[in-house]
Amino acid sequence: MVTIKDIADKARVSPATVSRVLNHDDSLNVKETTRKRIFEIAEELEYSRKITNKVSKKIKIGTFYSYSPEEELEDPYYLCIRLAIEKKIKQEGHKKSVLSLNTSQDTINSLDGVICTGTFTKNMLKTIEGWNKPTIFIDTYSGTPQSDTITVDYKGAVQNILDEFINNGHSKIGFIGGAPESPEESSQDDSRYVEFCDYLKKKGLYNEKFIKICPYKAKSGRNLFKELYDEGNLPTAIFASNDSVATGIYRAAYELGLDIPGDISVIGFNDIPGAKYMIPPLTTVRVYMEFMGEHAVEVLEHKIKDGRTIGVKVLVPTKLYVRDSVKKI
């Protein structure tokens, strides 16, 4: 079994530092690169953190997934998070109840807390808030001060992606993705798209012609890449908002007789299991989905145990895996 000492030895820091980083101790004065390295090593070694001061009684957790099983197969991101949540709940011996917006009030009243994943409209968030239960959202800001949130450091991730393109000589950089199936399905803009626009504007490289907004699906990536090609607005590099969109871009490039990365460089997001087996292997951002799901259960456990009413925001770092889908020009 992997221990904190194992992680500390590999990261070349003290076990106390590892413990405080993994427990998101904001009072710890440590470099962001060190925090990131500790998370990466913990993920690499498949470290499973034991909860101290465990909840003495087993609790009943409601899980609310805005994505259907079919949509999860289209985009494995939320599938990986859901499986991690359910595995952790089972390991801890808690009870689980899958919720919908139509769940009866009696069922809601029987819960100790709620975990929510997916994308949410303002009306959905209002309904969840009305349940008046300790709640944690994964990858969504609820806007309510009492709810907890675990989300990805999108700003740092997107900057790493764009720097990879820029450092390889690319100045014509496009974006495909960044929207749910229907605009009303989300209460906020995709942070990846927002950071993409902001960073390229600061660099003087923003070009609206290279941007296509679409759902996070392979068919959307395929269709909109072809639109860019037909319009004569094909950049030299494209940031796909997730790996599913990137697979669609790969398909479209193949159908158009274009080479990756010879004619178009591509970087994805999430590092789904198949990314490294694509041809060529996809450069993409690793998001620690399993950690996010497991840690959500832990944070909710402590929220219930401690009776905490103020929400916490946990920002999880990422890592750019450089493979063979970006060309130096």
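Let us start with the sheet. In this predicted model, 6 strands form an open sheet with mixed pairing, in the order 7-6-8-9-10-12. The edges are taken by strand 7 (211–212) and strand 12 (319–321); each has a single partner strand, so one side of each is left without a neighbour in the sheet. Within the sheet, strand 8, residues 237–240, pairs with strand 9, residues 265–270, in the parallel sense over 3 bridges. In that pairing, Phe239 of the sheet stands opposite Ile267 in strand 9.

I turn now to Phe165. Which residues does Phe165 contact, leaving aside its neighbours within four places in sequence? Among them are Ala237, Ile238 and Phe239, and also Ser265, Val266 and Ile267. The contacts of Phe165 further include His170, Ile173 and Val326.

Phe165 also leads us to the nonpolar cores. The largest nonpolar core has 59 residues, and those touching the most other members are Tyr77, Ile115, Phe165, Phe196 and Phe269. Helix 12, residues 289–306, supplies the largest share of this core, with 7 residues. There is also a second, separate core of 21 residues, whose members include Leu224, Ile238, Ala240 and Tyr250.

Next, the aromatic residues. The count of aromatic pairs comes to 12. One of these joins Phe175 and Tyr193; the pair is tilted, with 5.5 Å from centre to centre and 45° between the planes. Phe175 lies in strand 6 (residues 173–176) and Tyr193 in helix 9 (residues 191–203), so this pair ties together parts that are 18 residues apart in sequence. Are the two partners buried or exposed? Phe175 is buried, at a relative accessible area of 0%, whereas Tyr193 is partly exposed, at 25%.

Phe175 has another ring partner in Phe196: here the centres are 5.2 Å apart and the planes stand at 40°, so this pair is tilted as well. Again the pair links distant parts of the chain, with Phe175 in strand 6 and Phe196 in helix 9, 21 residues apart. Phe196 counts as buried, at 1% relative accessibility. These residues belong to one aromatic cluster, formed by Tyr154, Phe175, Tyr193, Phe196, Phe239 and Phe269.

Phe269 brings in a charged residue too. The charged end of Arg192 sits over the ring of Phe269, 5.2 Å from its centre. In another such arrangement, the charged end of Arg82 sits over the ring of Tyr65, 6.0 Å from the ring centre.

Finally, I come to helix 1, residues 4–11. Which of its residues are buried? Ile7, Ala8 and Ala11 are buried. Why do they lie on the same side of helix 1? They cover an arc of only 100° around the axis, and this places them on the same side. The buried residues of helix 1 pack against helix 2 (15–22) and helix 3 (32–44). Just after helix 1 comes Arg12, which takes a positive phi of about 60°.

To close, I return to two residues. Phe239 stands opposite Ile267 in strand 9, is in contact with Phe165, and belongs to the aromatic cluster. Phe196 is among the residues that touch the most other members of the largest nonpolar core, and its ring pairs with that of Phe175.

Key:
Residues numbered from 1 in each chain as written. Predicted model: local features only at pLDDT ≥ 70, side-chain atom pairs only at ≥ 80, totals over all residues. Heavy atoms only, no water. Core = buried A, V, L, I, M, F, W, Y, C linked by side-chain atoms within 4.5 Å. Buried < 20%, exposed > 50% of the residue type's maximum accessible area, 1.4 Å probe, protein only. Helix = DSSP H or I, 4+ residues; strand = E, 2+ residues; numbered from the N terminus. Contact = heavy atoms within 4.5 Å. Arc of directions from axis to C-beta. Phe/Tyr/Trp six-rings, centres within 6.5 Å; stacked < 30°, edge-to-face > 60°. Lys NZ or Arg CZ within 6 Å of the ring centre and 35° of its normal. Pairing = 2+ DSSP bridges.
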